[in-house]
Amino acid sequence: MAESVPEPDRIIAGESKIVPVEIENIKQRVEEVVQWVDSLEQKLAQVEEFYSTVAVSNSPSSASRHVVGIRKVQQEAARREAVAAKRMHDLMRQFGTIFRQITQHKCAWPFMHPVDVESLGLDDYYEVIDEPMDFTTIKNQMEAKDGTGYKHVMQIYADMRLVFENAMKYNEDASDVYSMAKTLLQKFEEKWAHFLPKVEEEEKIREEEEKQAAMEALLAKEASHTKTTRDLSNEICNVNEELDKLKHAVVGRCRKITSEEKRNIGLAFLKLSPDELQKVLGIVAQADPRFQTKAEEVTIEMDVLDEPTLWRLKFLVKDALENAKKKEETARTKQNNEVSNKRNAVNKLAERRTKRPCL
């Protein structure tokens with residue numbers, strides 16, 4: 001006769017030999033390890049996010065570069081930015097020559113100061129002109145020392161054009177102001193055309209410096225995350241070692257699995273689902289790396305398994321059988337309810353028919 005599969009209540013937990021104080025100590029250490037693992041998961045998520053959003057260069061040129069720390073990269077970026085600001089300051093100082101030539105022109109006087117809207121009776125000026133501009137305002141911005149001035153020569157160029165464009169927009173084509181603005185704009189553009197190559201050269205230098213800075217920052221971050229990855233790997237090993245210590249500390253204080261329990265565990269395998277059987281094979285493989293989980297036929301020798309593995313199998317089987325029993329009870333209750341509902345419906349229908357008057 002075939003041996004019967006044990007019921008869940010026969011796969012019972014073992015009796016502990018651990019005193020309450022030891023239980024509390026182990027429980028506290030487990031909580032500490034859980035917090036440790038949560039911290040590692042957060043660090044790992046940061047590393048994964050970095051490598052998922054950044055394409056790391058593996059070219060020989062990038063590999064041969066000297067990689068500095070993030071702080072050094074930040075310091076170098078600040079230094080480079082200061083040098084670039086000085087070059088731009090020199091460029092704006094050179095532009096001052098063009099500015100003086102234009103403002104000293106005989107046609108420049110209408111544009112030297114902000115338009116006096118009230119005294120000239122220009123009631124609709126601000127309806128036509130969105131952004132008024134004049135040479136004095138530009139000069140003050142060029143000479144500002146409090147950090148509110150121009151940061152790029154192209155800003156001065158744009159405001160200079162705005163002066164002439166505003167005048168040509170508000171005044172009629174045949175007016176003197178329109179003609180003077182047009183004349184000055186042509187002379188300004190001629191001088192700007194000779195100055196523009198210097199601006200373009202500076203833009204190229206800045207673009208190259210920004211690329212270099214971005215690459216250095218990327219390499220520094222990559223180096224930082226590489227170190228973090230190594231540290232994570234070491235910490236994960238430490239966590240595994242700590243978990244092994246805790247496991248052996250607990251198992252060492254529990255009674256050994258009896259021969260009958262081993263037999264019941266083995267018989268209970270027959271009731272497990274395919275997914276649960278895969279978990280069983282995984283637990284056995286962790287204890288014995290030589291165990292072939294994907295072989296067509298596998299044999300689990302319960303007598304050669306160590307105590308930690310037996311206890312893991314014991315609790316896995318116990319939980320699986322209890323869950324299966326709960327599902328069966330739920331399904332049986334549902335079926336009984338459906339049968340009861342149908343019976344009640346039939347009884348009510350029969351009652352109606354018996355109460356119906358005969359014609």
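The exercises below, each with a worked solution, concern a predicted model of a single chain.

**Exercise 1. Describe the secondary structure and the overall contact pattern of the chain.**

Step 1. The chain has eleven helices and zero strands. Read from the N terminus, the order of elements is therefore α-α-α-α-α-α-α-α-α-α-α.

Step 2. Take the contacts between residues at least 6 apart in sequence: 80% of them join residues at least 24 apart.

Step 3. Of the 359 residues in the chain, 27% are buried. The accessible surface is about 25100 Å², and carbon and sulfur atoms hold 52% of that area.

**Exercise 2. State how confident the prediction is, and find a stretch where the pLDDT is below 50.**

Step 1. The mean pLDDT of the chain is 81, with 83% of residues at 70 or more.

Step 2. Residues 56–68 have a pLDDT below 50. Beyond near neighbours in sequence, the model still gives this stretch eleven contacts.

Step 3. Where pLDDT is low, predicted coordinates should not be read in detail. The eleven contacts of residues 56–68 are to be taken with that reservation.

**Exercise 3. For the salt bridges Asp90–Lys86, Arg290–Asp288 and Lys318–Glu322, give the N to O distance and classify each partner as buried, partly exposed or exposed.**

Step 1. Side chains of opposite charge can pair when their charged atoms come close. The cut-off applied here is a nitrogen to oxygen distance within 4 Å, and the count by this rule is twelve salt bridges.

Step 2. Asp90 and Lys86 meet at 3.6 Å. Both lie in helix H3 (residues 70–103), and because they are four residues apart, about one helical turn separates them. Asp90 is partly exposed at 23% relative accessibility, whereas Lys86 is exposed at 52%.

Step 3. Arg290 and Asp288 meet at 3.3 Å. Arg290 is exposed, with 70% relative accessibility, while Asp288 is partly exposed, with 26%.

Step 4. For Lys318 and Glu322, the closest N and O atoms are 2.9 Å apart. This pair is also four residues apart, in helix H11 (residues 307–355), so about one helical turn lies between the partners. At 19%, Lys318 falls under the 20% limit and therefore counts as buried; Glu322, at 28%, is partly exposed.

Step 5. Some salt bridges share partners: Arg87, Glu202, Arg206 and Glu209 are joined in this way into one network.

**Exercise 4. Locate the largest nonpolar core, name the elements that give two or more residues to it, and list the contacts of Val153.**

Step 1. In soluble globular proteins, nonpolar side chains tend to be buried together. The largest nonpolar core of this chain has 30 residues.

Step 2. The residues with the most contacts inside this core are Phe95, Phe135, Ile138, Val153, Met160 and Phe164.

Step 3. Two or more core residues come from each of H3, helix H6 (135–143), helix H7 (153–170) and helix H8 (176–252).

Step 4. Leaving out residues up to four places away in sequence, Val153 touches Met88, Leu91, Met92, Phe95, Trp192, Phe195 and Val199. Phe95 in this list is also one of the residues with the most contacts inside the core.

Step 5. A separate core has 20 residues, including Ile265, Phe269, Leu272 and Val280.

Note on methods
Residues numbered from 1 in each chain as written. Heavy atoms only, no water. Buried < 20%, exposed > 50% of the residue type's maximum accessible area, 1.4 Å probe, protein only. Contact = heavy atoms within 4.5 Å. Areas by Shrake-Rupley, 256 points an atom, 1.4 Å probe, with all protein chains shown as cover. Salt bridge = Lys/Arg side-chain N within 4 Å of Asp/Glu carboxyl O. pLDDT = per-residue confidence, 0-100. Core = buried A, V, L, I, M, F, W, Y, C linked by side-chain atoms within 4.5 Å.
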